[in-house]
Amino acid sequence: MRFITWMGVLVMLLVAMPGASAEERARQASVDDADDRPSLSRALADESELLQAFYAQRDHRPAWRDEETIAGLVSTLRALDEDGLTPEDYRPDDIEAEYRSVRDEDADSERQIHYELFASRMLFTALEHLQRGKVDPKSLSADWEVPVEAPDLDLAAISDAIDQQQFDRMLVEARPPYTPYQRLREGLARYRDIERQGGWERLPERDSALRVGDDDDVELLRERLAVAGVLENGATDDGDEDNGAASGEAREGADPRRFDSDLEAAVRRFQRRHLLEPDGIVGRQTLAALNVPVERRIDQIRLNMERARWLLHGLPEAYVLVDIAGYELSYFRPDGEVWRSRIVVGQPYRRTPSLRSEITHMTVNPTWTIPPTILRQDVLPAVRRDLGYLWRERIQVLSPSGQPLDPWRVDWDNPGNIVLRQAPGPQNALGQLAIRFPNDHMVYLHDTPAQGNFSRYQRAFSSGCIRVENIRGLAQLLFDDTDSDQDIDARIDSGETRNVSLANRMPVILHYWTVNPDDDGALSFRPDIYERDDELLRELDRPLEL
C-alpha cells in the first residue's frame, strides 16, 4: 500500500464528509492519484489517440476512483437508450461489477489501471456514437458521399464534467445540436410510452375498403386514430401518433359505430402524415400503415436518429436540403426564411444518391444528352419500335465527336458509340432549367414538362436526378442570396442555351429520411422506397465488438 501522511488522512476524512464539494473531491483526487500517473501513462501507449489526449488533458490523473463517479458513468451509459442506442453495447453492468471487484486494489495495480482504461474506453465509444453514429454509412452504401462532419469532442469539458459529477453535460455536448434531432428524441419517448401502455390493436384484414357509411370495425378504427392523435375534436393536419392518447371522441349525438365525415377527415390526416393518397378511405395501403406495430415505429425512429447523427453537424447558415424519401426540397435562406417545394426523385432501381456538394451554376434552356443507362434501357427500345420517336422528341443523333448522323443509316440493333441529344425547349426532359453541383453520380436539380407528377403523394419516378416544382423560384432566390445579378426569367425567355454561374457557391445536401419531425414536432412516417431501413436497423442493433 502507498504511504499516506497524517495530513493526507485528514484531507480524505474531510472529503468523505457529506458537505465536501466537488471541487474538494477533485483536489483530493489529484493528490491521491499523483503516484498513479507514471503507471497510467505507460499503459496508455497501446490506447487510441483520443484516450491518450484525454489523459494528457487530465495530466494523467485517473478518472474512475470513487463510487459516486462510477454510479454517474453507469447511469449515463444506460441513458443512451433515450437516444435510440443500445446501452449494453457500452457495458454499464460490467463497469459496475468490475468496480466492486477492484475498488480495494492499490491504485497503481495492473487491475486498477486496466479498469480505469476500460471505463474511459466505454465512455468515449458511447460519446462518439452519440455524436456521429454507431454505424459507418459507407459500410451500407459504397456510393455514400456525405462526410460526417462532427466536431472534435471537447476533452477539457468532458474531464471537468467527470470531476464535477455533471455527466448530463457530456451527453448534451455530444448530441447533434439541431432541433430535428431533439424532436426525434422526444418522439421516441412518446412512442415508448405508447408501447408501455400496450400499443394499439390491429385492424382486421378486409375484402373491401372501409369508408363513409360503414359500421364494421369502426369503433376499433376510432381507437387507432385516437392513439394516432388525428381524431381529437378540432384536430388539424398537424396531428399524429405523437400526441399519444388523444380523446378521439365523436361529435355530440354522432354514432361512434358509424364511419362518418369526421372519421373520414381523421383518416385523411393520417394518410397525409404517411404520404398516402388522402382519399379518406381505409384501403389496403392505409390499413397496412395503421397496422404497423408500435415496436416497428420505435425502430424507425431509432434508425432515423442514427441518420441524423451522420448529418446534423456543422450545417451552414444557408443551404439546400433534398429530403429524398419525403419528396421535398427545403432551401434554408440566409435570412432565416425556409422555401419549400415538392420534388420527384429516382425510382427504386435508379436511386437518388445521398451526397453533399455545392451548387456552382445553372444551365438555362438546357439540351439533354441521354445518359447511357437511359439510352440502353428506355430510348433504344422505343427507337427500334418506331424511328419517328426521334422526331417527336426532338432528339438528334450524333457521333462521339459531336457530328450529326443520319438516323436512317444507323444500325439500331447495334448502334455503336452514338450520342443522342434532345434539343432545348419546354418539352425537353430537363425542362427549361437545370441547377448543377459537382458529384460522381451526374445528378442535379431540374425542371420538367411532366408537372402533373408533383400532385401525386408518392413521387419516385425519375432516373436519379431531382425534378423540382417551381424551380424558377428557387433559382431566382439562389441568385438573389449569392449576390448574383441575374434575372432567371429573362435568361430563359432569351431561348439561348448557356451556363450561368453563382457568384458564391451554395451548399446542397441530398439525404434519406423515413421519419421526419414537422415544424410542430409531430413525426411523419414515410414509405421506405429504397428499402434501406432494415439493413441499417440490423447494423444498429448488432452487438458492439470490443
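**Close-up 1. Arg542 and Glu539 meet in a salt bridge.** In this predicted model, Arg542 is partly exposed, with a relative accessible area of 44%. Its partner Glu539 is also partly exposed, at 24% relative accessibility. The N-to-O distance between the two side chains is 2.6 Å. Elsewhere, Glu82, Asp83, Arg175 and Arg185 belong to one network, joined by salt bridges that share partners.

**Close-up 2. Glu337 pairs with Arg333.** Here is another salt bridge to look at, with its closest N and O atoms 2.9 Å apart. The two ends sit in different classes of accessibility: Arg333 counts as buried at 12%, while Glu337 counts as partly exposed at 38%.

**Close-up 3. A salt bridge links helices α7 and α6.** Arg111 and Glu98 form this one, and their closest N and O atoms are 4.0 Å apart. Arg111 belongs to helix α7 (residues 110-132) and Glu98 to helix α6 (residues 92-102), so the bridge ties together parts that are 13 residues apart in sequence. Both partners are partly exposed: Arg111 has a relative accessibility of 35%, and Glu98 has 29%. If you would like to explore further, the whole structure holds 37 salt bridges.

**Close-up 4. Ile95 sits in the largest nonpolar core.** This core has 68 residues, and Ile95 is among those with the most contacts inside it, together with Trp64, Ile158, Ile162 and Ile301. Helix α7 supplies the largest share of the core, 11 residues. Leaving aside residues up to four places away in sequence, Ile95 touches Ile70, Leu73, Val74, Leu77, Tyr90, Tyr115, Phe118, Ala119 and Met122. A second, separate core has 59 residues, including Leu375, Leu387, Val410 and Leu445. As a general background, nonpolar side chains in soluble globular proteins tend to be buried together.

**Close-up 5. Helix α17 and its buried residues.** Helix α17 spans residues 471-481, and its buried residues are Ile471, Leu474, Ala475, Leu477, Leu478 and Phe479. It helps to recall that an α-helix has 3.6 residues a turn, so residues three or four places apart point the same way. After α17 comes Asp483, whose phi is positive, near 55 degrees.

**Close-up 6. Phe54, Tyr55 and Phe124 form a cluster linked by ring pairs.** A search of the whole structure finds 9 aromatic pairs. In the pair of Phe54 and Tyr55, the ring centres are 4.9 Å apart and the planes lie at 70 degrees, so this pair is edge-to-face. Phe54 is buried, with a relative accessible area of 0%, and Tyr55 is buried with a value of 0% too.

**Close-up 7. Trp391 and Trp408 make a tilted pair.** Their ring centres are 6.2 Å apart, with the planes at 35 degrees. Trp391 lies in helix α16 (residues 388-392), whereas Trp408 lies in the loop between β6 (395-398) and β7 (419-422), so the pair ties together parts that are 17 residues apart in sequence. Trp408 counts as exposed, at 65% relative accessibility.

**Close-up 8. Arginines over aromatic rings.** Arg297 lies over the face of Phe525, at 4.5 Å from the ring centre. In another such arrangement, the charged end of Arg436 sits over the ring of Tyr444, 4.5 Å from its centre.

Technical notes:
Residues are numbered from 1 along each chain as its sequence is written. This is a predicted model: local features need pLDDT of at least 70, side-chain atom pairs count only at pLDDT 80 or more; totals for chains, interfaces and linings use all residues. Side-chain values use heavy atoms; hydrogens and water are left out. Helices (H or I, at least four residues) and strands (E, at least two) are DSSP runs, numbered from the N terminus. Buried means under 20% relative accessible area, exposed over 50%, partly exposed in between (1.4 Å probe, protein chains only). A nonpolar core is a set of buried Ala, Val, Leu, Ile, Met, Phe, Trp, Tyr and Cys residues joined through side-chain atoms within 4.5 Å. Contact means heavy atoms within 4.5 Å. Rings of Phe, Tyr and Trp (its six-membered ring) pair if their centres lie within 6.5 Å; planes under 30 degrees apart count as stacked, over 60 as edge-to-face and the rest as tilted. A charge sits over a ring if NZ of Lys or CZ of Arg is within 6 Å of the ring centre and within 35 degrees of the ring normal.
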